[in-house]
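Biologist: I'd love a close look at a single part of this model, in chain B, with its surroundings added afterwards. Please take your time and explain your terms as you go.

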Amino acid sequence: MDVNNEINSSSIPTLDKSFEHSTLEYLKENQEIATDVKAELSSIKQILSESIIQNRETFEEIETISKLNEDLPEHTSQLSNLENISDNIDALSNAVNLLKTTFENQSNSLINVATTIPDGSYGLEITSGISGALVAALAVFIFNLIYFKNVNKVNKEAHYSNIALKLLEFFESSATSYWISERIKDKRKKDTNNKEMKLLEIKIKSDFLVLRTSLEKFCNLISIKNSSDSKQILALIDELYDLSTGGEFESDSKVSNPKITSEISKLVSRLKSILIKYSQQIN
Amino acid sequence: MKILYIGKQFSDDPAGRYYTDGDGSGEEFREEVLRPLLKLNKPLTINIDENVEGYGSSFLVEAFGGLIKHGYFESDYINRVLNLDFNDSDFEFYARKIKQYIKEAIYNSEQYESTKETAINEGKFKGSIDKSFLEDFK
């Protein structure tokens with residue numbers, strides 16, 4: 001409503017001066033009041049406008065808070081996962097520490113053996129290197145064990161073979177000397193050899209005993225993989241015994257017998273040819 | 001059961017085939033020890049390693065193989081009653097050879113002709129071995 005239009009003077013036809021004056025005073029006051037009201041209304045309008053803005057901001061803040069509230073459970077759950085991760089990290093750290101302690105304890109003894117560690121090696125590489133060295137050492141140990149077992153076996157065979165070859169030489173010498181000679185016991189003859197013949201008989205019997213024992217031990221060593229050689233040696237040693245101590249052996253009337261001498265020599269040669277195969281030693 | 005010790009009771013050096021080869025021959029052992037004892041039809045154990053260094057095959061063939069060769073006993077009978085005893089494993093060889101000679105001998109394949117008289121006449125056999133131990137086996 002426009003107050004100025006309502007108090008227009010032209011609308012009042014006749015009034016005395018006092019009334020006019022009071023009326024003017026009244027109008028003036030009303031006008032002042034109107035002005036004040038107007039000013040206050042303007043002020044209220046301003047306040048209302050500001051209030052609206054503030055309300056809007058407040059509303060936006062409330063909305064923001066509401067939205068944050070909605071996200072809160074999600075954040076909370078995320079917070080829980082973070083705690084789990086933290087726990088896992090702790091457990092992992094403990095496990096690493098335990099491994100480290102174990103490794104340090106075990107490697108103390110190995111450090112004494114492993115005198116050189118490559119520069120710039122890391123823990124894992126050192127562990128890998130030590131493990132590799134241990135496996136290699138074990139492999140070398142097993143290889144050496146098998147190798148030297150075989151070497152010992154071969155050398156044992158060669159040892160008995162060489163002994164048998166030596167004994168064969170002694171035996172052949174005694175046996176051929178005996179069988180090629182005639183026993184001359186008649187004291188009326190100058191070249192009596194009864195003592196020499198008796199000595200050869202004793203040597204043949206005793207040498208044969210040692211020879212047979214060593215050959216039987218040798219045959220026991222080779223019998224598994226070379227049974228044919230073993231059987232042949234035992235057959236030949238039997239034949240050698242029958243031949244060299246049979247017939248007129250230890251007889252007073254023994255004559256020279258080149259045939260038996262030759263057969264003994266041939267038997268000894270056959271035995272030697274078998275034994276020579278086994279006589280090579282490994283150093 | 002009594003045991004016959006060759007090395008202690010017969011000779012510590014049993015050697016030779018015939019009487020003519022001297023005392024302690026295979027023929028003497030067969031004729032004067034083995035044959036009488038085996039005739040008793042009792043089990044006989046002979047120790048072959050005590051006090052003996054070894055044997056020549058001439059002695060063993062004549063002593064043991066001769067029992068069959070001259071028709072005194074069959075090999076089955078000898079195998080049944082004769083037992084060879086030894087402690088030294090080296091003498092296993094001689095035991096095996098004795099069994100071989102008994103097995104290989106052909107029964108009654110040769111007429112026996114003693115060489116004892118010739119040996120005595122030639123002074124080669126002196127009869128120095130005392131065989132009174134045989135009485136203990138009867």
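**The sheet of chain B and what surrounds it**

Modeller: Happily! Let's begin in the sheet, where β2(B) and β3(B) run parallel and are joined by 4 bridges. Strands here are DSSP runs of E with at least two residues, helices are runs of H or I with at least four, and both are numbered from the N terminus. Two strands count as paired if DSSP finds at least two bridges between them. One residue to find in this pairing is B:L44, which stands opposite B:L82 in β3(B).

Before going further, please keep in mind that this is a predicted model: local features need pLDDT of at least 70 and side-chain atom pairs count only at pLDDT 80 or more, while totals for chains, interfaces and linings use all residues. Residues are numbered from 1 along each chain as its sequence is written, and chains are lettered from A and ligands numbered from 1 in the order in which they are written.

On to the other pairing. β2 (residues 44-47) of chain B is also joined to β1(B), by 3 bridges, and these two strands run parallel. Here B:I3 has B:T45 as its bridge partner in β2(B), while B:Y5 stands opposite B:N47. Put together, the 3 strands make an open sheet in the order β1-β2-β3, with parallel pairing. β1 (3-5) and β3 (82-85) are at the edges with a single partner strand each, so one side of each has no neighbour in the sheet. From one strand to the next, the twist averages 30°.

Now for the helices of chain B. α3(B) and α5 (residues 92-104) of chain B pack with their axes 8 Å apart, at an angle of about 40° (axes are lines fitted to C-alpha atoms, for helices over the stretch in contact, and angles run from 0 to 180 degrees between N-to-C directions). That angle makes α3(B) oblique to α5(B) (under 35 degrees is roughly parallel, over 145 roughly antiparallel, 65 to 115 roughly perpendicular, and the rest oblique). Their crossing is right-handed (the near helix is turned clockwise from the far one by less than a right angle; anticlockwise would be left-handed). On the α3(B) side, B:S57, B:L60, B:V61, B:F64, B:G65 and B:I68 meet B:Y94, B:K97, B:I98, B:Y101 and B:I102 of α5(B) (in contact means C-beta atoms, placed from the backbone, within 7 Å). By class, this contact has 8 nonpolar, 2 polar and 1 charged residues (nonpolar covers Ala, Val, Leu, Ile, Met, Phe, Trp, Tyr, Cys and Pro; charged covers Asp, Glu, Lys and Arg; the others, Gly among them, are polar).

α3 (residues 57-69) of chain B also packs with α2 (residues 26-39) of chain B: their axes come within 8 Å and cross at roughly 40°. α2(B) and α3(B) are therefore oblique to each other, and their crossing is right-handed. From α2(B) the contact takes B:G26, B:E27, B:F29, B:R30, B:L34 and B:R35, and from α3(B) it takes B:S58, B:F59, B:L60, B:E62, B:A63, B:G66 and B:L67. Its classes are 6 nonpolar, 3 polar and 4 charged residues. You may like to highlight B:L60, which is listed in the contact with α2(B) and in the contact with α5(B).

Next, the partner chain. The contact between the chains takes 15 residues from chain A and 15 residues from chain B. On the chain A side, α4 (194-222) and α5 (227-244) are the elements that give two or more residues, and α4(A) supplies the largest share, 5 residues. That side has 3 nonpolar, 7 polar and 5 charged residues. Within chain A, the axes of α4(A) and α5(A) come within 9 Å and cross at roughly 170°, which makes α4(A) roughly antiparallel to α5(A).

Finally, confidence. Chain B averages a pLDDT (the predictor's confidence in each residue, from 0 to 100) of 95, with 100% of its residues scoring at least 70. Chain A averages 81, and 81% of its residues score at least 70. For residues 1-7 of chain A, pLDDT stays under 50. Where pLDDT is low, predicted coordinates should not be read in detail. For the complex, the predictor gives an ipTM of 0.92 and a pTM of 0.66.

Key: Contact = placed C-beta atoms within 7 Å.
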